[in-house]
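I opened this notebook to record what I looked up, going from one loop residue outward to the sheet, the rings, the surface and the overall form.

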Amino acid sequence: MATLPVYRWRLAPDGYATRRQLRAHGLRPGGQDVAAQLERPRRRRGPLVAYLYRVDLALPVRPMTPGRWAALAKANAARRLCPACRHDAGYVIPSSLGMCVPCAYPGPHGSEGNT
């Protein structure tokens, strides 16, 4: 396996970009292998590593189809549904609680809170 070129943080040559940078330009890696990597040294720990892809080999982002939009809306709705009371909380249920806040911390006067 060939070794990747390693560049210091913020010193990569033009023509390389991270996934986020590609996405900001409406591109995706498109199946290409990692072309290089950035390393940012840290004290007392290993360096932060960011993988770089060649911009000239990147492909445009696939457009969202109506089916994809529907699937995304359904997945987001499932993240808002409380498993305890089966109501839409109106926000994404925290994974640390596993249920909506009123179900996790019921008040002395029921789950409707102090209003």
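I started with R10, which lies in the loop between β1 and β2; strands here are DSSP runs (E, at least two residues) and helices are runs of H or I with at least four residues, numbered from the N terminus. Before going further I noted that this is a predicted model, in which local features need pLDDT of at least 70 and side-chain atom pairs count only at pLDDT 80 or more, while totals for chains, interfaces and linings use all residues. I also noted that residues are numbered from 1 along each chain as its sequence is written, and that side-chain values use heavy atoms, with hydrogens and water left out.

**Loop residues with positive phi.** I found phi of R10 near 70°, a positive value in a residue other than glycine. R10 counts as exposed because its relative accessibility is 79%; the classes are buried under 20% relative accessible area, exposed over 50% and partly exposed in between, with a 1.4 Å probe and protein chains only. I then looked up R44, found in the loop between β4 and β5, where phi is near 65° and again positive in a residue other than glycine. R44 is exposed as well, with a relative accessible area of 88%.

**The sheet.** I traced an open sheet of 4 strands in the order β1-β4-β5-β2, with mixed pairing; two strands pair if DSSP finds at least two bridges between them. The edges are β1 (6–8) and β2 (16–17), each of which pairs on one side only. I looked at β4 (residues 36–42) and recorded 6 bridges to β5 in the antiparallel sense, one of them setting L38 opposite A50. These two strands form a hairpin with 2 residues between them, and R44 is in its turn. On β2, I recorded 2 bridges to β5, again with the strands running antiparallel: A17 has Y53 as its partner, and Y16 has R54.

**Aromatic rings.** How many aromatic pairs does a search of the whole structure find? I recorded 1, where rings of Phe, Tyr and Trp (its six-membered ring) pair if their centres lie within 6.5 Å, and planes under 30 degrees apart count as stacked, over 60 as edge-to-face and the rest as tilted. The rings are those of Y7 and Y16, with centres 6.2 Å apart and planes at 45°, so I entered the pair as tilted. Y7 is partly exposed at 23% relative accessibility, and Y16 is partly exposed at 25%.

**A surface patch.** I noted that L4, V49 and Y51 make a nonpolar surface patch of about 240 Å². Y51 sits in strand β5 (residues 45–54) and, at 45% relative accessibility, counts as partly exposed.

**Overall form.** I counted 3 helices and 6 strands in the protein, following the pattern β-β-α-β-β-β-β-α-α along the sequence. I entered a radius of gyration of 22 Å, whereas a compact globule of 115 residues would have one near 13 Å; the radius is taken over C-alpha atoms, and the globule rule is 2.2 Å times the number of residues to the power 0.38. The C-alpha trace spans about 65 × 45 × 30 Å along its principal axes. My last entry is that buried residues make up 14% of the 115 residues.

Notes: Patch = residues over 30% accessible without salt bridge, like charges linked within 9 Å, V, L, I, M, F, W, Y side chains within 5 Å. Areas by Shrake-Rupley, 256 points an atom, 1.4 Å probe, with all protein chains shown as cover. Salt bridge = Lys/Arg side-chain N within 4 Å of Asp/Glu carboxyl O.
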